[in-house]
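Student: Could you take me through one part of this structure closely? I would like to see how the helices pack, with the cut-offs behind each term.

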Amino acid sequence: MARVLQPKDRDKTAERLLDSSMRNSYDPDVDIDWDAPLVEGKSFMPEERVSLYGTALWDRLSPEQRLELTKHEIGSITSVGLWTEIVLMQLLARYAADLDPRSPHTHYALTEIGDETRHAIMFGKAIGRLGLPAYGPPRVVRTPAKLFGALIGGPAMFASVLVVEETTDRLQRSMLDDERIQPMIRMINRIHVVEEARHVRYAREELVRGVGSLGRRALELHRLVTAVVAHTVVNVLVHPAVYRAVGLDPREARAVALANPHHHETRRWMAEKIVPFLTEVGMIGGPSERIWQKAHLL
Ligand SMILES: [Fe+2]
Ligand SMILES: [Fe+2]
């Protein structure tokens, strides 16, 4: 099987990532001016990435309502991202507990837990600063995720982490140089993009190392778990209650968003980097590939 990435020695990679972490990490408490006023009229995410964009419902919204919806929708995505980071801390802590505490590979896993701790605080502060509710995923997703966090390991774990990190990264990166977006949001995205690039590198290499050792049956199982995680996370990113904030009926607006071809395109765009990689390494394929299609990620 062709590999898009040649995994180098895991400790060598970890040493490089640790060195980069030391030179280029952020402290959101001091690196973000939490008291700076929001800029009048600037958006909170690109309008063309809002779930209703391109529908008749969107066309009926006033410019003020559209702006308000960008705020609630990015707030919902951020709150789900924050929650996945806490699940990831649990996964990484379990992973690191069984590794050699002397190895750089272990030290990087622990460093990443530290990064995610700061990110979760940063996102939590941002949601509070914007005066938004803590949307997050529904209970029907939160409860099984506790079991997932306690059980899953190996390729399914690294692939699931990559799906979440790389899809949200795509959205954040697109805002870095976008003058239409609030400066505070852009700074948060900048911090996150820099630190996530290291996490992605770590997980991608570890995934390549792990997937080769799976037998046929195990591979299908790891593929299935990853597909279910991808489908679930992408489906809960936008909480239906965000629509209520602009006077829309949550059930009706949610149905419109789920049927919106433009929203399907946004999902595929968010997955444009991770899907070819997972396909290349063999983590997308077989019967569970249908789940990726149903989620509009493929
Ligand atoms: Fe993060
Ligand atoms: Fe991360």
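Tutor: Happy to; we will look at the helix packing, then at the core and one residue.

This is a predicted model, in which local features need pLDDT of at least 70 and side-chain atom pairs count only at pLDDT 80 or more, while totals for chains, interfaces and linings use all residues. Residues are numbered from 1 along each chain as its sequence is written, and chains are lettered from A and ligands numbered from 1 in the order in which they are written.

Two packed helices are described by the angle between their axes and the distance between the axes. Axes here are lines fitted to C-alpha atoms, for helices over the stretch in contact, with angles running from 0 to 180 degrees between N-to-C directions. Helices are DSSP runs of H or I with at least four residues, numbered from the N terminus.

Let's begin with helix 4 (residues 63-97) and helix 5 (residues 104-129). Helix 4 and helix 5 pack at an angle of about 155°, their axes 9 Å apart, which makes the pair roughly antiparallel (over 145 degrees; under 35 is roughly parallel, 65 to 115 roughly perpendicular, and the rest oblique). Their crossing is left-handed, meaning that the near helix is turned anticlockwise from the far one by less than a right angle. The contact between helix 4 and helix 5 has 15 nonpolar, 8 polar and 3 charged residues. Here Ala, Val, Leu, Ile, Met, Phe, Trp, Tyr, Cys and Pro count as nonpolar, Asp, Glu, Lys and Arg as charged, and the others, including Gly, as polar.

Helix 5 also packs with helix 1 (residues 10-23), at about 40° and with the axes 8 Å apart; this pair is therefore oblique. On the helix 1 side, the contact includes Ala14, Leu17 and Leu18, and helix 5 contributes Pro104, His105, His107, Tyr108 and Thr111. Residues are in contact if their C-beta atoms, placed from the backbone, lie within 7 Å.

Helix 4 gives the largest share, 10 residues, of the largest nonpolar core. That core has 75 residues, and Leu207 is one of those touching the most other members. A nonpolar core joins buried Ala, Val, Leu, Ile, Met, Phe, Trp, Tyr and Cys residues through C-beta atoms within 7 Å. Beyond four places in sequence, Leu207 touches Pro155, Phe158, Ala159, Leu162 and Val281.

Finally, Gln172 sits in helix 7 (residues 154-175) and counts as buried because it has 22 C-beta neighbours inside 10 Å (20 or more is buried, 12 or fewer exposed, in between partly exposed).

Notes
Helices (H or I, at least four residues) and strands (E, at least two) are DSSP runs, numbered from the N terminus. Two residues are in contact if their C-beta atoms, placed from the backbone, lie within 7 Å.
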